[in-house]
Amino acid sequence: MGALMCAAALLLAACGSSDTNGAAAGAEVDPSATLEVAIGSPIGGWDPHHEGVEAVGIAYHMHVYDRLVQMEGNNEIAPMLATEWTTDETGTVHTFKLREDVTFHDGSAFDAAVAKASLDRARGPESSLSRYLTSIDSVDVADKYTLTIRTSEPAPILLQSLARPLASIISPKGLADPASLATTPAGSGPYTLASASPSEVRFTRADDYWDKNRTFAAHQILHVMDDDAALNALRSGQVQVMQPRGGSARSQAATFESDSNYAVHAHETLGMQTLYLNSKVAPFDNAEVRRAAVLALDPAAISEGSLAGTCTPTSQPMIKGFAGYVDGLETKRNLDEAKNILQREGASGTVVKLMQLAAEPFATQALMVQSQLQEAGFTVEMQSVDRLQSRGSWRRGDYSAMATAWTPAFGTDPAMMMEEYRGVDNLGGASPEMIGLLDKARPLPAGSKERDQAYQEVARLAARENQVIPYCSPAHLMFANASVAGLDDMPYAVNTVPVYVHAQVREQG
């Protein structure tokens with residue numbers, strides 16, 4: 001099976017070439033090497049609690065910040081700044097034992113008081129993480145290296161939430177000067193920031209980092225490039241890894257797979273390419289008009305046209321095989337019905353102001369969404385917006401629709417996706433019925449049949465309300481020089497943006 005077809009099938013393991021393919025297979029990693037990566041989006045700032053687009057910030061923040069816990073490549077939670085944790089029999093008291101050998105890059109010491117200050121800020125009203133931590137009643141210092149988190153109910157996604165980039169622990173100096181976080185990170189991660197510009201970010205390994213069991217590259221350089229420049233840079237040797245974002249670049253997967261000098265890596269993701277509808281304003285304050293928009297969309301065509309078929313068509317928030325997925329819930333395109341609804345509602349020709357993100361694959365997807373909505377009878381006015389500015393523009397209510405990525409999936413629990421229905425980007429707000437279903441599902445035991453069924457009910461209601469409309473789930477695809485290791489066991493692999501912090505370069509024979 002070719003790499004492109006393998007990616008489209010969303011294989012869990014790497015497809016075709018892998019970390020064990022190529023001339024450097026079996027070689028030891030080179031601790032003195034520099035790994036250079038082509039990445040699609042620039043860093044928006046170094047404050048992890050206020051990152052406007054978490055899926056962008058993750059690629060940078062993971063290098064310089066630690067969290068209490070982390071997610072490994074197998075999607076399991078592992079120790080980080082916390083060495084162990086326990087939960088009492090009520091499921092509401094969570095005790096974390098902390099490392100005693102951690103120093104921030106600015107020289108500050110880490111302890112429970114620092115962790116408390118960071119988490120209190122992370123769950124504050126201005127934080128992007130707060131909606132995932134609403135069940136926390138308090139964060140308390142039990143002793144210098146013991147932290148106690150009390151929740152109002154059992155909290156099955158607490159650890160997954162604490163593993164998110166948004167829950168990064170910031171040094172006391174950084175917390176005391178939050179304005180400095182716009183340009184200067186204040187973490188304790190495996191790398192320090194050497195330099196940063198809109199086109200390039202350089203990291204240097206922190207040789208005093210507490211984790212001595214893992215080998216990190218001496219330097220990592222993230223180059224901000226579009227697909228064409230990244231492909232050329234990979235072939236010329238300027239970079240060793242790239243993530244093809246648009247369909248044109250992804251269609252070259254088979255070429256790289258057939259060349260032993262390169263490796264193609266594919267991961268399953270829980271991220272979604274999504275159309276957000278602003279149900280606060282016309283025309284999408286009308287539920288029937290929102291249903292017409294859903295019926296106008298052709299997810300398979302969007303996948304093929306924007307991502308070369310490597311995005312699994314869907315219209316629900318979870319993919320098959322994961323809790324919360326509902327068999328038979330997918331909505332099939334019905335252009336005639338969409339036209340009939342608009343005529344019946346007196347909405348034919350109604351104007352939709354669509355935001356187009358100025359980055360692939362979103363730009364192409366927005367063009368396709370525009371065309372498909374117009375086929376149904378909408379009049380679609382589209383405006384291009386820089387990706388880093390997109391969420392701010394959307395939250396101000398400047399647009400009635402936005403074609404973007406829905407990537408809160410740091411973990412496989414359905415809550416990590418479905419809490420988005422009451423998130424800040426659902427401008428019309430969650431209905432009382434939706435809030436009730438989410439509240440009912442949230443404390444149910446992780447992995448239980450009851451939890452699965454509860455989130456299936458959330459998915460069914462979401463399919464009736466049509467405020468946040470997924471249209472396909474993209475494969476996590478990378479092209480790399482065969483000398484690169486660590487891409488098939490990448491942390492946070494269910495996210496659609498690669499996290500290269502653990503990637504390494506093998507010694508050359």
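# Strands, helices and unusual bonds in a predicted model

Q: In this predicted model, how many bridges pair strand 4 with strand 5 (residues 93-98)?
A: Strand 4 and strand 5 run antiparallel to each other. One facing pair is glutamate 84 and lysine 97, the latter in strand 5. The number of bridges between strand 4 and strand 5 is 5.

Q: Which strands stand at the edges of the open sheet of 4 strands?
A: The order in this sheet is 4-5-7-6, and the pairing is antiparallel. An edge strand has a single partner strand, so one of its sides is left without a neighbour in the sheet. The edges are strand 4 (82-87) and strand 6 (136-143).

Q: What is the average twist from one strand to the next in the sheet with the order 4-5-7-6?
A: This sheet is open and has 4 strands. From one strand to the next, the twist averages 20°.

Q: At what angle does helix 3 (residues 112-122) run to strand 6?
A: Helix 3 lies across strand 5, strand 6 and strand 7 (146-151). Angles over 145 degrees count as roughly antiparallel. The angle of helix 3 to strand 6 is about 170°.

Q: Which strands are the edge strands of the open sheet of 7 strands?
A: Its order is 8-9-10-1-11-19-12, with mixed pairing. An edge strand here pairs on one side only. The edge strands are strand 8 (191-197) and strand 12.

Q: Which residue of strand 11 stands opposite valine 37?
A: Strand 1 (residues 34-39) and strand 11 (residues 241-242) run parallel. They are joined by 2 bridges. Opposite valine 37 stands valine 241.

Q: Which residue of strand 19 is the bridge partner of tyrosine 262?
A: Strand 12 and strand 19 (residues 476-481) run antiparallel, joined by 6 bridges. In strand 19, the partner of tyrosine 262 is asparagine 481.

Q: How many of the 6 residues of strand 12 (residues 262-267) are buried?
A: Tyr262, Val264 and Ala266 point one way, while Ala263, His265 and His267 point the other way. Residues on both sides are buried. Strand 12 is therefore largely enclosed by the rest of the structure, with a buried count of 6 of the 6.

Q: Are helix 9 and helix 11 roughly parallel or roughly antiparallel?
A: The axes of helix 9 (residues 287-296) and helix 11 (residues 335-344) come within 8 Å. They cross at roughly 160°. Angles over 145 degrees count as roughly antiparallel. The two helices are therefore roughly antiparallel.

Q: How many residues in the contact of helix 9 with helix 11 are charged?
A: Helix 9 contributes Glu288, Val289, Arg291, Ala292, Leu295 and Ala296. Helix 11 contributes Leu335, Glu337, Ala338, Ile341, Leu342 and Arg344. Of these, 8 are nonpolar and none is polar. The charged residues number 4.

Q: Where does proline 283 lie?
A: The peptide bond from alanine 282 to proline 283 is cis, with omega near 5°. Most peptide bonds are trans. Proline 283 is in the loop between strand 13 (272-277) and helix 9.

Q: Which residue does a cis peptide bond join to glutamate 360?
A: Omega of this bond is about 5°. The partner sits in the loop between strand 15 (351-357) and helix 12 (362-376). The residue joined to glutamate 360 is proline 361.

Q: Is alanine 308 buried or exposed?
A: Alanine 308 is in the loop between helix 10 (299-307) and strand 14 (311-313). Its phi is positive, near 55°. Its relative accessible area is 15%. Buried means under 20%, so alanine 308 is buried.

Q: What is the relative accessibility of asparagine 466?
A: Asparagine 466 is in the loop between helix 16 (449-465) and strand 18 (468-474). It has a positive phi of about 55°, although it is not a glycine. Asparagine 466 counts as buried, with a relative accessibility of 7%.

Q: How far apart in space are threonine 312 and alanine 300, C-alpha to C-alpha?
A: Threonine 312 is in strand 14. It is partly exposed, with a relative accessible area of 27%. Threonine 312 and alanine 300 are 12 residues apart in sequence. In space, their C-alpha distance is 7.7 Å.

Terms used
Residues are numbered from 1 along each chain as its sequence is written. This is a predicted model: local features need pLDDT of at least 70, side-chain atom pairs count only at pLDDT 80 or more; totals for chains, interfaces and linings use all residues. Side-chain values use heavy atoms; hydrogens and water are left out. Axes are lines fitted to C-alpha atoms, for helices over the stretch in contact, and angles run from 0 to 180 degrees between N-to-C directions. Angles under 35 degrees count as roughly parallel, over 145 as roughly antiparallel, 65 to 115 as roughly perpendicular and the rest as oblique. Contact means heavy atoms within 4.5 Å. Ala, Val, Leu, Ile, Met, Phe, Trp, Tyr, Cys and Pro count as nonpolar, Asp, Glu, Lys and Arg as charged, and the others, Gly among them, as polar. Buried means under 20% relative accessible area, exposed over 50%, partly exposed in between (1.4 Å probe, protein chains only). Two strands pair if DSSP finds at least two bridges between them.
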